Amino acid sequence: MYALYQARLWGHTDDASVHATYISIAPQVSGHITELRVKDNQAVEAGQLLFVIDRRPYELALEQSAATVAAARSRIEEARRQIKAAGHGVKAANANVGVFRAQLKLADDTLARIRPLAERGYLTAEKLDAAEAIRRQADAALNASIEEHQQAEGAVPKLTTLENELAVALAIEAQARLQLEYTMVRAPFSGRVVNCNLKVGAFALTAIPVFTLVDTE
């Protein structure tokens, strides 16, 4: 890839004037030049490879980012398996809540019926105390089952955070892939290379021109 710095060359004689478009070729990533495919005053075709920036650091960055993506996907798959397994526990805990809620309602209804009878002396205090004890036990069991249900729900992994991590990893991988592509600097159009004093091993800097390409078309 390349960065463009476009301008026009003008010239004239007594009989005519000419002009040509040229650009300064600059890499979009930094690194040592490992391959130089052109020389000064050479004609090149559009898309022709001009030079190559050392690809190894960018290949390593792509490998690392790909590994991060794979790990993020693995965590999501594991979380989905955990969600599936935990879902059974959540359902069971929710069913228990329903059972104990029904038992508490029954105890409340029983107390509502027998309390007036006990107050009138038709039932002994012991029977009223027993009914109240059953009601307290039902209430405690319901509260315990509600807490169990909340704990079961809390044990279910949240996918949102993991999916956000995957999105970031994919973006980093895409950037690494793009930078690797940028190590291959090609001619944007057919032209002639001028002011090329490069040598293999020279260090090229991002957006710093290394030579000029004059449009011969």
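Helices here are DSSP runs of H or I with at least four residues, and strands are runs of E with at least two, numbered from the N terminus. The model is predicted.

**Exercise 1.** Work out how many helices and strands the chain holds, and in which order they run.

*Solution.* Start with the count: three helices and nine strands. Then read from the N terminus: β-β-β-β-β-α-α-α-β-β-β-β. The helices follow β5 and precede β6.

**Exercise 2.** Find the order of the strands in the open sheet, and name its edge strands.

*Solution.* Strands count as paired if DSSP finds at least two bridges between them.
- Step 1. Take β5, residues 49-53. Three bridges join β5 to β6. In this pair, valine 52 faces methionine 184 of β6.
- Step 2. Go to β3, residues 31-36. Three bridges link β3 with β5. Here glutamate 35 stands opposite valine 52.
- Step 3. Add β8. Two bridges connect β8 to β3, with glycine 31 across from alanine 204.
- Step 4. Assemble the four strands: β6-β5-β3-β8, with antiparallel pairing. The edges are β6 (184-186) and β8 (203-204), as each pairs on one side only.

In general, strands of a sheet pair through backbone hydrogen bonds.

**Exercise 3.** Describe the chain by burial, contact range and exposed surface.

*Solution.*
- Burial: buried means under 20% relative accessible area. Of 217 residues, 31% qualify.
- Contacts: consider those between residues at least 6 apart in sequence. Of these, 73% join residues at least 24 apart.
- Surface: the chain exposes about 13600 Å². Carbon and sulfur atoms supply 54% of that area.

Conventions
Residues are numbered from 1 along each chain as its sequence is written. This is a predicted model: local features need pLDDT of at least 70, side-chain atom pairs count only at pLDDT 80 or more; totals for chains, interfaces and linings use all residues. Side-chain values use heavy atoms; hydrogens and water are left out. Buried means under 20% relative accessible area, exposed over 50%, partly exposed in between (1.4 Å probe, protein chains only). Contact means heavy atoms within 4.5 Å. Accessible areas come from the Shrake-Rupley method with a 1.4 Å probe; for residues, only the protein chains shown count as cover.
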